[in-house]
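Q: Please take a close look at one part of this model, chain A, and set out its fold, its loops and its contact with the partner chain.

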Amino acid sequence: MFVNILDGEVFAVIVAISIMGSALGIAQLLRSEVVEPFTALGLLNQDCAIGEYPKYVFAGGEVELCVFVGNNMGYPILARVVYKLGTGEDLPTNTTPSTLKPIKNFTVLVAHGGNVTFKVRLPIPENPPEADRVAIILELWFYDPERGVWTYSGRWNHLYVQVVRV
Amino acid sequence: MSRFLPSLAEALLATGLVLAALSAVSVLPRVAHAEVLDPYSKFYELYVRTVKLASQGIDVGEVVGYLSKSLELLEAGRYGEAFEEMARAEDVVARLELSAGGVVMRGMLVKYGATAVLALLPVAIYLLLPRVYVYAWYRARRRWVVVREHTRR
């Protein structure tokens, strides 16, 4: 009787839309908050912007840059940016860090869904690697709260510069 | 011979001195241990507890703020101030740990309650929409007067 008043086809469309909306809403509610966890590492110039990176550095001097660390792991991460200086052959990979000895570390705590951008002063050793251009290497490590050890994240950046020896 | 033997008072005094020396020796390593305690170990402990809370869906923004500040101070070698910040962080962590069970339960109730409401929505629309429509249809026309067509002539 009621369906006769409300047109049957229109009613069917309304119910179909409500079922679709309900299914989509339930899927949104029940899906995990972090579908694809990831971290991010960015290398910025001394003004904390992309581009206009230094081309020359002085042996025994320092180079000022900015580092960006982003976190979407679902929990706050304790991140460590490890600075190394080498050549193109010493670069890390997505699975293994560079074998070079760290020169300096920068540790920051980044909340979930947040990011941190901070300035770093990277010392250039008096006797840098002998090469036409050397690589400033920054690796992202994070503290594994379950194992209690620092773990390489697979994220890294590098910047080639020429060393001016005074 | 008896002058070489200690009197009772001297014996008690000597025993007391030996016991005091022994207790001092047993305390010393603990004090030394406290002095050489790694300042980062407390930070790591608090961080791990914070991650556990965060993984339960609890808002740890306040703790992260304190821990970030303490980390900056630790990196700067200002350990005294860093420990003050960590003490604040520990207070908040302890409070959150106490209320974690209730917060998680409330979160689950809201989540699954909303899911149940959404699941029942199509059924409710199927059952109620026609009735509401009919009610509204009649209400909109309640002042209408039904007149026979032939009586108007």
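A: The account below moves from the whole of chain A to its loops and then to the interface.

This is a predicted model, in which local features need pLDDT of at least 70 and side-chain atom pairs count only at pLDDT 80 or more, while totals for chains, interfaces and linings use all residues. Residues are numbered from 1 along each chain as its sequence is written, and chains are lettered from A and ligands numbered from 1 in the order in which they are written.

Chain A contains two helices and eight strands, where helices (H or I, at least four residues) and strands (E, at least two) are DSSP runs numbered from the N terminus. Their order from the N terminus is α-α-β-β-β-β-β-β-β-β. An automatic or database domain assignment divides the chain into domain 1 (1–31) and domain 2 (38–164). The centres of these two domains of chain A, taken over C-alpha atoms, are separated by 53 Å.

The C-alpha trace of chain A spans about 95 × 40 × 25 Å along its principal axes. Its radius of gyration is 25 Å, whereas a compact globule of 166 residues would have one near 15 Å; the radius is taken over C-alpha atoms, and the globule rule is 2.2 Å times the number of residues to the power 0.38.

Of the 166 residues of chain A, 25% count as buried. A residue is buried if 20 or more other C-beta atoms, placed from the backbone, lie within 10 Å of its own, exposed if 12 or fewer, and partly exposed in between.

The loop between β1 (38–44) and β2 (56–58) of chain A holds A:C48, and A:E52 lies in the loop between β1 and β2 as well. Most residues other than glycine have a negative phi. Phi is nevertheless positive at A:C48, near 60°, and at A:E52, near 55°. A:C48 counts as partly exposed because it has 14 C-beta neighbours inside 10 Å, and A:E52 is exposed because it has 10 other C-beta atoms within 10 Å.

A:T99 is placed in the loop between β4 (77–86) and β5 (104–110) of chain A. With 9 C-beta neighbours inside 10 Å, A:T99 therefore counts as exposed.

At the interface, 24 residues of chain A are in contact with 29 residues of chain B, contact meaning that the C-beta atoms, placed from the backbone, lie within 7 Å. The elements giving two or more residues to the chain B side are α2 (39–55), α3 (61–75) and α4 (79–140) of chain B. Of these, α4(B) gives the most, with 15 residues.

Definitions and conventions. Two residues are in contact if their C-beta atoms, placed from the backbone, lie within 7 Å.
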